Structure formats: structure tokens, C-alpha cells
Number of protein chains: 2
Amino acid sequence: MTKRIPIVENILSANDQMAARNRDVFEKSGVYAINIMASPGAGKTSVILKTLETLKGRLQLGVIEGDLATSIDTEKALAAGMPAVQINTGGDCHLDAVMISQVLPSLPLSELDLVIVENVGNLVCPANFQLGTHVNVLIASIPEGDDKPYKYPGMYKGVQALIINKIDLLPYVPFNMDYFRQGVEILNPGVVTFPVSAKTGEGMQAWTDWLLAQVKARD
Amino acid sequence: MTKRIPIVENILSANDQMAARNRDVFEKSGVYAINIMASPGAGKTSVILKTLETLKGRLQLGVIEGDLATSIDTEKALAAGMPAVQINTGGDCHLDAVMISQVLPSLPLSELDLVIVENVGNLVCPANFQLGTHVNVLIASIPEGDDKPYKYPGMYKGVQALIINKIDLLPYVPFNMDYFRQGVEILNPGVVTFPVSAKTGEGMQAWTDWLLAQVKARD
């Protein structure tokens, strides 16, 4: 059995410095920012679009979309009437604080209450790079299976909220919710959790209520 | 819009040297080897177990399981009666040729016909590291969505076969197969494709027939 511990301390501390600067920019503009991470296809964009729909009229939102390639998600956000900016990482498997700092001037921050960053779809790399947002949120999804907390502990450890998406598929796939939650509890005791279906809207109210409370608590 | 092209040429060439050595070990033992890559939860382990079930008695199989943590998948393979070895990468987001070379002595290669390597669940990093296997296989899955070829082009470009898993979920999720296949065709024209359900067994015969033909062609 091979175990390798990558040593990336210098990279992280440079990134953390830039993340602190980003946080400062958010704070000065009165913006609450969240970093959404997930596997490819867990439904990050769908959850974000549903979140915007639910919070429309109550909060001014902006979006930063991260992908290796394409601007598919930014086009969806713009079509939904939100200020949005795309980061194409080329081959990089995660966003970092420098990329965020480069696109912040493209958003009308002084007019916004909440910025949602959609990270690259990946359950490994994004966990190692703070962006300067106020919270990290993980979206798990039912068809991914119930063993993901055990297999990707770094990601599950490092988040302040967990959305469990695609609960409408529970009748069609094997997923033991108790086993899943047990894994989460070991890694991240008491983390706030929202079972939702971005497709049907089920559970979205609890998530957006929580999010709204976080934003308001900073006013 | 930020574009970053990571320069990793030296790492890759060191890795490629080790991959060539692994290939040599496989060849000398008369083993055909495949590297299976996919998002977390696309069904790599389920497809592998179903493949083994279908090929039992016709081929001797062994498995190398890659995960950040746990030996869940190796336990499943061992329970199915196969020689199996686990690589825990710690925090690394992909397997590399060195890791493979370290575990090869743990498999009874001279008794095997086919070794299946299950890479870390990730649609980005594993594409950049050849392992020394004869082919790279990608498993896409229906609930991930039809835009994945466009968003993860590096992965879709670099494989010799594509399995589309969880077709049993097509009635329950939005997935435009034409749009998906169009993206695949742009990146990897003519790549051999197998729509399957590891759950119901649908389509598995075509995949295992193809695999068997690859193995036999080398005898």
C-alpha cells in the first residue's frame, strides 16, 4: 500500500495571502461570498440557478463560474439575469485565490449582496485552495453513492455546509443515507446539511433561508 | 477571463519513463492492462465487478484500486474472488506510474490475463498521467449531465474507449444523448462507445466482448 503526502505548504501560504486580500475586497463591498464545490455533474449550476430564483428580489447576486473550458455555466447565469464572470482554468483542476482576484473587478461588487463562486467539478483539488469566501459549501449528489465521505475525506472535512442534491433520485439508486451521514459526522461533526432536489425544488427553502440568514447576520 | 496553461513537462516525462517500464512488466507477463477513469461515483467499481462477473471462467483478472483513502473497493474486489491491491494516494488526485510500479509485485501477474486499474475519481488530473496500461477507458454516467465532454475536454480526448453508465436513469434525468455524443465526436472522433447499466447489466455484453477481443488479439 502506497501512501504519499504532497508537500505544498509554500503554494498554500501564497494562496492564503491572496485569499485574505479577496476577503478584504468582499468585506469592503459588503458582499457575502460562498465557494461551492462538488464532483462533476453533482448539480452545482442547477442549485445556484434555483438559489437565485428563490432569493430574487431579496438579495442582489453575482456569480463567478470556474471550468476547465467553455462558458456554458456563465451563459446560463447571464440568461437568468445575474452578473456573472467565467474563469477558464485551462488544465487546472481547481480555482485559486489569484484567479478570483483577477475577475473581481469584472463584477459590480458595490451593488451585490452575495457572490457565489462555482468551483471546478472535482472532489479533491479545490479543497486545498481557499479563495477568500466566507464559507465553503459542498454539494454531494445521490447518484454518486453513499461512500463518498469515506473516499474523499479532505473535501468533506473542509466545508461549513453540505447540500445533498438529487434526492428525487433516491427511489432509483442504491444510497444508504445513514451510512452517508455517519461518514460525514466522523469528518465534520455537526456540519449543517440540506437535502434538496434542484430539479423539483424540494428542500431549497431551508437552504436559501440559511444562506439568507448568513448574509443578513453580516449586515 | 483567465487562462492558465500548467507546465508539467518534466514530471510527465519522468512519469512516462516509469509507465514504459510498467508496460514492459505487463507485456512480459502476458497481461493486458486497462486504466479506468471517471468522476467520483460514475460507477467505476460497479462496472468492474460486473465485468469480472461476465468474464469469469474465460479470463483471469486482477484489480488495482486507487483512492485517496479507504480500501472499500479492494474489499469488494477481493469478496468477488479477484486478486486485488489498494493504492491510497493520501491527498493526490490521480494515480501515477510510480504508484503502479510499487504495487505490481503484489499481484500474481504470471497467472493473470487482464489487470484493471481503477483510478482516483476525478475528471481532470488522471488524464495527465499515463500508467503503462494498454488502453485508457473513461466511464461517463447519465446523472453527471450531457455537457461533460465540453467541460472536461482533456479527459475525453485521451481515452481509447468510452463507457456511458447508468443508462437506466435516462427516464429520470435530463440528458440529451445527441448533444453528449456530438461533444465526444469533436474531441475524440470515432472513439468506441458502450452505453451500459452496471446495475441492470444492459449493454455489458458489448463492452466485455470488445474487451475480450482486445485481450485475445494480443495472445
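This passage describes the nonpolar core, one central strand, one buried asparagine and one helix pair in a predicted model. Local features were taken only at pLDDT of at least 70 and side-chain atom pairs only at pLDDT 80 or more, whereas totals for chains, interfaces and linings use all residues. Residues are numbered from 1 along each chain as its sequence is written, chains are lettered from A and ligands numbered from 1 in the order in which they are written, and side-chain values use heavy atoms, with hydrogens and water left out.

The largest nonpolar core (buried Ala, Val, Leu, Ile, Met, Phe, Trp, Tyr and Cys residues joined through side-chain atoms within 4.5 Å) holds 47 residues, of which Tyr156(A), Leu162(A), Phe180(A), Leu162(B) and Phe180(B) touch the most other members. At least two residues of this core come from each of strand 5 (135-141), helix 6 (153-157), strand 6 (161-165) and helix 7 (177-187) in chain A, and from each of the elements with these names and ranges in chain B; helices (H or I, at least four residues) and strands (E, at least two) are DSSP runs, numbered from the N terminus. Helix 7 of chain A gives the largest share, 3 residues. When residues up to four places away in sequence are not counted, the contacts of Leu162(A) (heavy atoms within 4.5 Å) include Leu138(A), Tyr156(A), Phe180(A) and Val184(A).

In chain B, 7 of the 7 residues of strand 1 (residues 32-38) are buried, where buried means under 20% relative accessible area, exposed over 50% and partly exposed in between (1.4 Å probe, protein chains only). Tyr32(B), Ile34(B), Ile36(B) and Ala38(B) point one way from this strand, and Ala33(B), Asn35(B) and Met37(B) the other way. Strand 1 of chain B runs parallel to strand 4 (residues 114-118) of chain B, to which 5 bridges join it, pairing being assigned if DSSP finds at least two bridges between two strands; within strand 4 of chain B, Ile116(B) is the bridge partner of Ile34(B). Strand 1 of chain B also pairs with strand 5 of chain B in the parallel sense over 5 bridges, and there Met37(B) stands opposite Leu138(B).

Asn22(B), in helix 1 (residues 9-28) of chain B, is buried, with a relative accessible area of 2%. The side chain of Asn22(B) reaches the backbone oxygen of Leu131(B) at 2.9 Å.

Helix 2 (residues 44-55) and helix 8 (residues 204-217) of chain A pack at an angle of about 70°, with their axes 10 Å apart.

Methods: Polar contact = N/O pair within 3.5 Å; in protein donor to acceptor, adjacent residues only side chain to side chain. Axes fitted to C-alpha atoms, helices over the stretch in contact; angles between N-to-C directions.
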